Amino acid sequence: MAKVTIKRRNESERADGRAALYAVLNIQRVKIRIPLDIAVTSDEWDADRETIRGRTQDVKDKNLIISNTKAKISDILVRARLTGEVLTKDSFLALYRRPGETMNFIEYARRHLDELKTAMQPETIRHHNAAIKKVEAYDPCLELQDITPEWLRIYAAHLRKFYNNNSGTIRKNMSVIRMHYYAAMRAGKIKVNPFEVYKIPTADPLVVYLTEDELNSLIMLFKSGTLPDNEQDVLRFFLFMAFTAMHISDARALQIEQITGGEIHYKRIKTGTRVDMPLSVPAAKLVEYYRDKRYRGNLFRDLPTDQAFNRVIKRVCEKVDIHKPVSAKAARHTFATLYYKKNSGDLGTLSKLLGHTSVNTTMVYAHIMKDSRIAGVSTFDDML
C-alpha cells in the first residue's frame, strides 16, 4: 500500500516564513500532492512526527485535520486493495474529492477526544467516553451530516426515556456532542450548524445536601462503630469531605505535606484555584487517623472507586432514614450549606473555601439564601 506522508514545501515559503503543507503519496509511480490549506513556519513544523508543534486549540485543530486527511487517504487505499481495484491518479482524486463525503460521528469524536486527552482531566475523559458510548448504542452508523436539530431533539428524548437521565445529565451529554461536532466544523468536515436551531436547554443544578440533624445522625452512626468495615471506611471519608468541603478528586490527590499549620493547602484540580482550608477539630482528628504517623505521601490509601463510594454512602444514609440521592458531592454541599447558615451568609469567604473562581459560582446555594431572606423578613411579622 502506498505510503502517505505530510510534507512542508520549503520552496514555496512566503514572506512571513510560512509554507504550505501537503499530503504526499505515489500511485502507479505518479506523485500526488493534496493541499491541506495549512501553512506553518519551519520552527512550527515537526517533520519527524509530521505534526505542528504546540498545545493551543488552533494547533490541535490543525493536527486533527492532518490526522483526518491521512485517515481518509488510507481508507481509500485499503478499500481499493480489498476490492481489487487498481487506482490511478485520476480515480484516486475522484474518490478523495467525492461530493457529500462525510465521516462517522462516533469515529470522529473518539479521534478528536484522543487528540485532547493530554489537556483533559481523567474524569472529563471518562465523561466524554460515556457520552460517546451512549450515542454509539443509539445510532452506531451516525454520520456528521445526520446530526440535525430534529435528530438532537429525538436523542435528548431518548436519553430521558431510556436512561432516565435528568435534565442536567442530558445537558452534559448534548454538550459533548456539540463540542466534537464544532471540532468537525472547524476542520471543514461539515458546514451546517444544527445547534443554531437546537438550543441545549439550561438545567438548574441539583444541590443535594444534608441538614445539620441529618449530618449529626451520620456522625452518631459513625461513632457507634456498628457498621461493617467497608461502610465505616466510606462514611469516615464522607465525613472528612463534609468537614473540609473537598471535592472527591481533590481529596484523593491530597498529600500529607499539604497539611501544615492546622490548615490544608491545595490547588483544585478542576479550576487550579488555591484553597487554604483551616482544619476544624473533627477534621483534624480524621487527618491524624489517615496520616497514621506518616509524614509524606497520599493522605488516603485504598479508597473505593467513585461509583462504589456513591453506592455505599447511599446505603449507609438509608440506615438512618436519609433517603436523598446522596453522593460524594453531597458532602461538599453540606459543608457549604452549614457554613453559610452559621456565618451570616458570608458568601465571599465561602467562595474562597470552596475554591470557586467566581462568587457567581457559589450562588448555586441560592436555596440557603432564600431561607435566610424569609427568616430575616419574618422579623417584622408581629409589628403591625
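Where does His247 lie? Let's find out together, working on a predicted model.

**Exercise 1. Place His247 in the chain, decide whether it is buried or exposed, and list what it touches.**

Solution.
- Step 1: Look for the neighbouring elements. His247 sits in the loop that runs between helix H8 (229-244) and helix H9 (248-253).
- Step 2: Check the accessibility. Buried means under 20% relative accessible area. His247 has 16% relative accessibility, so it counts as buried.
- Step 3: Look for contacts. Leaving aside residues up to four places away in sequence, His247 touches Glu123, Met241, Arg268, Lys329 and Arg332.

**Exercise 2. Describe the overall build of the protein chain.**

Solution.
- Step 1: Start with the elements. The protein chain holds 15 helices and eight strands.
- Step 2: Turn to its extent. The C-alpha trace spans about 90 × 50 × 45 Å along its principal axes.
- Step 3: Set the radius of gyration beside the rule for a globule. The protein chain has 28 Å, while a compact globule of 384 residues would have a value near 21 Å.
- Step 4: Ask how much is hidden. Buried residues account for 43% of the 384 residues.
- Step 5: Turn to the outside. The accessible surface is about 21800 Å², and 51% of this belongs to carbon and sulfur atoms.
- Step 6: Consider contacts between residues at least 6 apart in sequence. Of these, 58% join residues at least 24 apart.
- Step 7: Finish with charge. The protein chain has 62 positive and 46 negative charges, and their mean positions are 3 Å apart.

**Exercise 3. Explain why the buried residues of H2 line one face of the helix.**

Solution.
- Step 1: Name the buried residues. In helix H2 (residues 89-96) they are Phe92, Leu93 and Tyr96.
- Step 2: Look down the helix axis. The buried residues of H2 fall within an arc of 95 degrees, so they line one face.
- Step 3: Recall the general pattern. An α-helix has 3.6 residues a turn, so residues three or four places apart point the same way.
- Step 4: Turn to the other side of H2. There you will find Asp90 and Ala94, which are exposed.

**Exercise 4. Do the same for H10, then see what covers its buried residues and what follows the helix.**

Solution.
- Step 1: List the buried residues of H10: Ala283, Leu286, Val287, Tyr290 and Arg291.
- Step 2: View them down the axis. They fall within an arc of 135 degrees, so they line one face of H10.
- Step 3: Find the cover. H8 and strand S6 (259-260) are among what covers these buried residues.
- Step 4: Look at the face turned away from the buried side. Val281 and Lys285 are the exposed residues that H10 carries there.
- Step 5: Go just past the helix. Asp292 follows H10 and has a positive phi, near 50 degrees.

**Exercise 5. Work out what the backbone angle phi is at Gln28 and Lys293, and whether these residues are buried or exposed.**

Solution.
- Step 1: Keep the usual case in mind. Most residues other than glycine have a negative phi.
- Step 2: Read the angle at Gln28. Its phi is near 55 degrees, a positive value in a residue other than glycine.
- Step 3: Locate Gln28. This residue is in the loop between strand S2 (19-27) and strand S3 (30-40). With 53% relative accessibility, Gln28 counts as exposed.
- Step 4: Move on to Lys293. Here phi is near 65 degrees, again a positive value in a residue other than glycine.
- Step 5: Locate Lys293. The loop between helix H10 (281-291) and helix H11 (306-318) holds this residue. Its relative accessible area is 75%, so Lys293 is exposed.

**Exercise 6. For Arg29, Gln145 and Gly272, find the loop and the C-alpha separation from a chosen partner.**

Solution.
- Step 1: Begin with Arg29, in the loop between S2 and S3. Arg29 is exposed, at 86% relative accessible area. Arg29 and Thr88 are 59 residues apart in sequence, and their C-alpha atoms are 9.6 Å apart.
- Step 2: Go on to Gln145, in the loop between helix H4 (122-138) and helix H5 (149-162). Gln145 is partly exposed at 45% relative accessibility. The C-alpha atoms of Gln145 and Lys191 are separated by 9.1 Å, with these positions 46 residues apart along the chain.
- Step 3: End with Gly272, in the loop between strand S7 (263-267) and strand S8 (274-278). At 39% relative accessibility, Gly272 is partly exposed. Gly272 and Arg178 are 94 residues apart along the chain, and 25 Å separates their C-alpha atoms.

Key:
Residues are numbered from 1 along each chain as its sequence is written. This is a predicted model: local features need pLDDT of at least 70, side-chain atom pairs count only at pLDDT 80 or more; totals for chains, interfaces and linings use all residues. Side-chain values use heavy atoms; hydrogens and water are left out. Helices (H or I, at least four residues) and strands (E, at least two) are DSSP runs, numbered from the N terminus. The radius of gyration is taken over C-alpha atoms; the globule rule is 2.2 Å times the number of residues to the power 0.38. Buried means under 20% relative accessible area, exposed over 50%, partly exposed in between (1.4 Å probe, protein chains only). Contact means heavy atoms within 4.5 Å. Accessible areas come from the Shrake-Rupley method with a 1.4 Å probe; for residues, only the protein chains shown count as cover. Lys and Arg count as positive and Asp and Glu as negative; His and the chain ends are not counted. The place of a charge is taken as NZ of Lys, CZ of Arg, CG of Asp or CD of Glu. The arc is that of the directions from the helix axis to the C-beta atoms.
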